[in-house]
Amino acid sequence: MASVLARSILARRFHVSAARHALSKFAMPAMSPTMTEGGIASWKKKEGESFSAGDVLLEIETDKATIDVEAQDDGVLAKIIAPDGAKNIAVGSPIAIIGEEGDDLSGAEQLAAEAASEKPKAPAKEEKAAEAPKPEPTAEKKAEPPKQESKQETKPEIPAGDRIFATPIAKKIALERGIPLAKVKGSGPNGRILREDVEKYQAPAAAATPSTAVPSPSAPLPEYTDIPVSNMRRTIGSRLTQSKQELPHYYLTLDINMDKVLKLREVFNKSLAEKDKSAKLSVNDFVLKAVACALADVPEANSAWLGEVIRQYKKADISVAVATPTGLITPIIKDVGSKGLATISAEGKALAKRARDGKLQPQEYQGGTFTVSNLGMYGISHFTAIINPPQSCILAVGATQPTLVPAPEEERGFKVAQIMKVTLSADHRTVDGAVGARWLSAFKGYLENPLTFML
């Protein structure tokens with residue numbers, strides 16, 4: 001009987017242990033191969049709420065879009081570590097604690113605290129390095145209280161270039177109040193700066209105002225609003241800056257007569273309206289088709305610089321620049337050369353809508369072999385665009401405008417034509433000037449004779 005009781009007790013202990021160990025850390029997933037960090041747009045499940053495989057757990061904000069994260073198995077959301085609105089979370093960092101139905105969730109709080117303290121491991125070494133000059137106070141054994149004051153003074157002053165760990169709300173309050181985080185002593189795990197630390201720093205900051213407030217009467221700042229930088233905007237800024245600094249851009253501009261395109265578009269739209277009133281071709285649909293045809297004629301422009309090799313693509317996967325409330329994104333229409341104008345138009349509209357709604361999947365905006373940016377709908381006649389690496393070219397398309405052009409066949413010697421100005425930005429490492437000129441000439445030929453699309 002005793003042995004049976006012992007076995008049952010051991011079995012119960014094993015069960016409890018297994019339940020506790022069943023709790024696991026849920027890390028920030030990599031939603032794309034290039035993703036290094038992301039943000040939490042919103043959690044769709046609350047703490048303690050159970051979920052099933054296929055349920056949306058949360059929305060993650062990447063550098064390009066907001067993506068739903070679905071559960072792979074059934075379980076329970078035991079504890080949320082990274083709340084809604086958290087930003088700059090490295091891929092692989094714990095964002096929640098999950099378990100299985102029936103598990104003991106009492107250990108979730110401790111596991112979450114351990115997971116949160118795992119992040120700032122590097123600063124621990126920095127703090128030890130900062131405390132290295134301890135031998136100096138040991139030499140002066142006269143007064144110990146000054147020794148403690150010196151520690152308090154030197155600890156907040158972090159050497160230039162060292163990373164400061166603070167909660168998002170602490171950073172926000174410090175930014176609003178002009179408090180330097182480098183001088184705030186953190187009371188969180190491993191010196192992490194919390195909201196309370198920034199709020200307590202108000203008194204010394206006020207004492208220092210006489211020296212800092214001197215220039216304010218002579219040069220008062222105008223009213224302003226600080227807008228937080230989203231992951232998408234940060235990525236746009238870094239990549240375009242890198243492109244402009246590292247890629248040897250050059251630019252070729254050409255005027256194109258769009259009279260025949262506009263007439264053909266009118267005919268096509270009338271016939272499409274009879275079948276589907278919502279279907280309507282745009283000038284940009286003709287532009288995309290002409291780009292693909294010209295790339296087939298001059299494949300050197302459909303290439304990418306990869307360092308050791310220049311990759312030349314066989315199909316035209318065209319990235320189309322779309323403005324969204326959070327920034328610019330370039331969804332891709334695949335293999336444009338093999339598609340008709342109606343298909344190009346339908347796919348382009350669907351991708352643009354998903355882009356503005358922040359619902360693009362990574363495969364819908366990653367890649368591409370050539371980019372088109374069209375600002376003609378805003379009345380912009382001419383502009384130059386920045387290349388989207390590793391692509392070699394981007395075409396900037398302006399508005400179509402009535403323009404006087406020479407016409408010897410006319411009695412007056414001139415006529416009014418609908419002219420569209422386009423500018424090709426090319427990477428000189430892969431596309432020489434003569435190649436860019438040949439591509440533009442082929443592109444112009446297709447638009448000025450759009451019936452060649454059908455051949």
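**View A. The buried side of helix α11 in this predicted model.** Start with the residues of α11 that are tucked away: Val261, Leu264 and Asn269 are the buried ones. Looking down the helix axis, you find these buried residues within an arc of 140°, so they line one face of α11. Turn to the face pointing away from that buried side and you meet the exposed residues Lys263, Val267, Lys270 and Glu274. The helix itself runs over residues 259-275, 17 residues in all. From first C-alpha to last, α11 reaches 25 Å, close to the 24 Å expected at 1.5 Å a residue.

**View B. Helix α13 and its buried residues.** Here the buried set is Leu341, Ile344, Ser345, Leu351, Ala352 and Ala355. They cover an arc of only 140° around the axis, which puts them on the same side of α13. As for length, the 16 residues of α13 should span 22 Å at 1.5 Å a residue, and the end C-alpha atoms are indeed 22 Å apart.

**View C. A salt bridge between α13 and α14.** The side chains of arginine 354 and glutamate 364 meet here, with 2.7 Å from N to O. This pair ties together distant parts of the chain: arginine 354 belongs to helix α13 (residues 341-356), while glutamate 364 belongs to helix α14 (residues 362-365), 10 residues apart. The two partners aren't equally covered. Arginine 354 is partly exposed, at 31% relative accessible area, whereas glutamate 364 has 17% and counts as buried.

**View D. Lysine 339 meets glutamate 347.** Another salt bridge joins these two side chains, 2.8 Å from N to O. Lysine 339 counts as buried, because its relative accessibility of 18% falls under the 20% cut-off. Glutamate 347 is partly exposed, with a relative accessible area of 27%.

**View E. Glutamate 61 reaches lysine 87.** The closest N and O atoms of this salt bridge are 3.3 Å apart. Along the chain, the partners sit 26 residues apart: glutamate 61 is in strand β4 (residues 56-61), and lysine 87 is in the loop between β6 and β7 (89-90). Glutamate 61 is buried, with a relative accessible area of 16%; lysine 87, at 34%, is partly exposed.

**View F. A salt-bridge network.** Three residues take part in this one: Lys44, Glu59 and Lys359 are linked by salt bridges. If you want the full tally for the model, the count comes to 14 salt bridges.

**View G. An open sheet of 4 strands.** Going across the sheet, the strands come in the order β1-β8-β6-β3, and their pairing is antiparallel. At the edges stand β1 (24-27) and β3 (50-51); each has a single partner strand, so one side of each is left without a neighbour in the sheet. Look at the β3 edge and you can pick out the 2 bridges that join β3 to strand β6 (residues 75-80). There, serine 50 stands opposite valine 76 in β6.

**View H. A nonpolar patch on the surface.** Met377, Tyr378 and Ile380 make this patch, which covers about 350 Å². Tyrosine 378 lies in the loop between β16 (370-374) and β17 (393-406). With 60% relative accessibility, tyrosine 378 counts as exposed, because the cut-off for that label is over 50%.

Conventions: Residues numbered from 1 in each chain as written. Predicted model: local features only at pLDDT ≥ 70, side-chain atom pairs only at ≥ 80, totals over all residues. Heavy atoms only, no water. Pairing = 2+ DSSP bridges. Salt bridge = Lys/Arg side-chain N within 4 Å of Asp/Glu carboxyl O. Buried < 20%, exposed > 50% of the residue type's maximum accessible area, 1.4 Å probe, protein only. Patch = residues over 30% accessible without salt bridge, like charges linked within 9 Å, V, L, I, M, F, W, Y side chains within 5 Å. Areas by Shrake-Rupley, 256 points an atom, 1.4 Å probe, with all protein chains shown as cover. Expected span 1.5 Å × (residues − 1). Arc of directions from axis to C-beta.
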